[in-house]
Amino acid sequence: MLSVLIETRNDEEGLARTLASLVGGAVEGVVRDVIVCDAGSTDQTHRVAEHAGCHYVTGGIGAGIGEAKGDWLLLLEPGARLTEGWIDEVVAHTARQTTPARFSRARANRAPLLARVFSGNRALAEGLVISKRQALALAKSARSAEALARGLATRRLNAEIWVAPPK
């Protein structure tokens with residue numbers, strides 16, 4: 001079972017798009033719970049989360065990890081959308097691996113090489129699948145989901161993600 005964590009701040013539209021892409025995982029029984037970790041939103045983020053049936057926490061990513069019920073976590077940026085086929089790939093990975101993993105960018109969503117080289121690299125742009133045990137250990141020193149994901153050696157999943165637009 002998988003817990004999805006989305007750290008957000010004033011991104012109700014992006015959150016709604018991301019939640020919509022998770023419906024298939026909930027229907028299949030792969031997604032156990034979705035936790036929205038709010039970092040001080042002043043918009044209607046909390047309403048979007050509550051209407052979608054998500055758990056809403058305000059204590060940052062560490063609080064969200066503590067609330068997660070799954071043994072594996074999927075961390076996403078608000079606005080990111082998983083493409084069809086992600087469920088089977090994540091299930092296969094969590095059944096045989098212990099290492100964290102990231103999704104591949106959707107082909108139509110890939111930036112040209114020079115744009116990728118000179119743009120800021122967001123550690124959560126391709127999402128992150130990580131064991132709860134490892135995430136708890138990393139959360140002790142990380143203040144955000146982005147910091148938790150930065151610098152991790154990961155495996156590349158054979159499933160695609162539409163990356164959230166930069167803010």
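**Close-up 1. Pairing of strand S1 with strand S4 in the predicted model.** Strands S1 (2-8) and S4 (72-76) run alongside each other in the parallel sense, and their pairing extends over five bridges. Within this pairing, Val4 has Leu74 of S4 as its bridge partner. As elsewhere in these legends, the view shows a predicted model.

**Close-up 2. Pairing of strand S4 with strand S7.** Strand S4 also pairs with strand S7 (residues 128-131), here in the antiparallel sense and over four bridges. The bridge partner of Trp72 in S7 is Ser131.

**Close-up 3. Burial of strand S4 on both of its faces.** Strand S4 is mostly covered, with five of its five residues buried. On one side of the strand lie the buried residues Trp72, Leu74 and Leu76, while the other side carries Leu73 and Leu75, which are buried as well, and both faces of S4 are therefore covered. Two of these residues also appear in the views of strand pairing, Leu74 as the bridge partner of Val4 and Trp72 as that of Ser131 in S7.

**Close-up 4. Surroundings of the buried residues of helix H4.** In helix H4 (residues 60-67), the residues Gly60, Ile61, Gly64 and Ile65 are buried. The elements that cover these buried residues include the strands S1 (2-8), S2 (31-38), S3 (55-57) and S4 (72-76), together with the helices H7 and H8 (145-149).

**Close-up 5. Packing of helix H4 against helix H7.** Helix H4 (residues 60-67) packs with helix H7 (residues 132-139) at an angle of about 150°, and the axes of the two helices are 10 Å apart. Because angles over 145 degrees count as roughly antiparallel, H4 is described as roughly antiparallel to H7. The crossing in which H4 passes H7 is left-handed. Helix H4 contributes Gly62, Ile65 and Gly66 to the contact, and helix H7 contributes Lys132, Ala135, Leu136 and Ala139. By residue class, the contact of H4 with H7 is made up of four nonpolar residues, two polar residues and one charged residue. Ile65, one of the contact residues of H4, is also among the buried residues of that helix.

**Close-up 6. Asp11 and the residues it touches.** Asp11 is located in the loop that lies between strand S1 and helix H1 (12-21). The relative accessibility of Asp11 is 15%, and this residue therefore counts as buried, the cut-off being under 20%. When residues up to four places away in sequence are not counted, Asp11 touches Asp43, Thr45, Pro78 and Lys167.

Technical notes. Residues are numbered from 1 along each chain as its sequence is written. This is a predicted model: local features need pLDDT of at least 70, side-chain atom pairs count only at pLDDT 80 or more; totals for chains, interfaces and linings use all residues. Side-chain values use heavy atoms; hydrogens and water are left out. Axes are lines fitted to C-alpha atoms, for helices over the stretch in contact, and angles run from 0 to 180 degrees between N-to-C directions. Angles under 35 degrees count as roughly parallel, over 145 as roughly antiparallel, 65 to 115 as roughly perpendicular and the rest as oblique. A crossing is left-handed if the near helix is turned anticlockwise from the far one by less than a right angle, and right-handed if clockwise. Contact means heavy atoms within 4.5 Å. Ala, Val, Leu, Ile, Met, Phe, Trp, Tyr, Cys and Pro count as nonpolar, Asp, Glu, Lys and Arg as charged, and the others, Gly among them, as polar. Buried means under 20% relative accessible area, exposed over 50%, partly exposed in between (1.4 Å probe, protein chains only). Two strands pair if DSSP finds at least two bridges between them.
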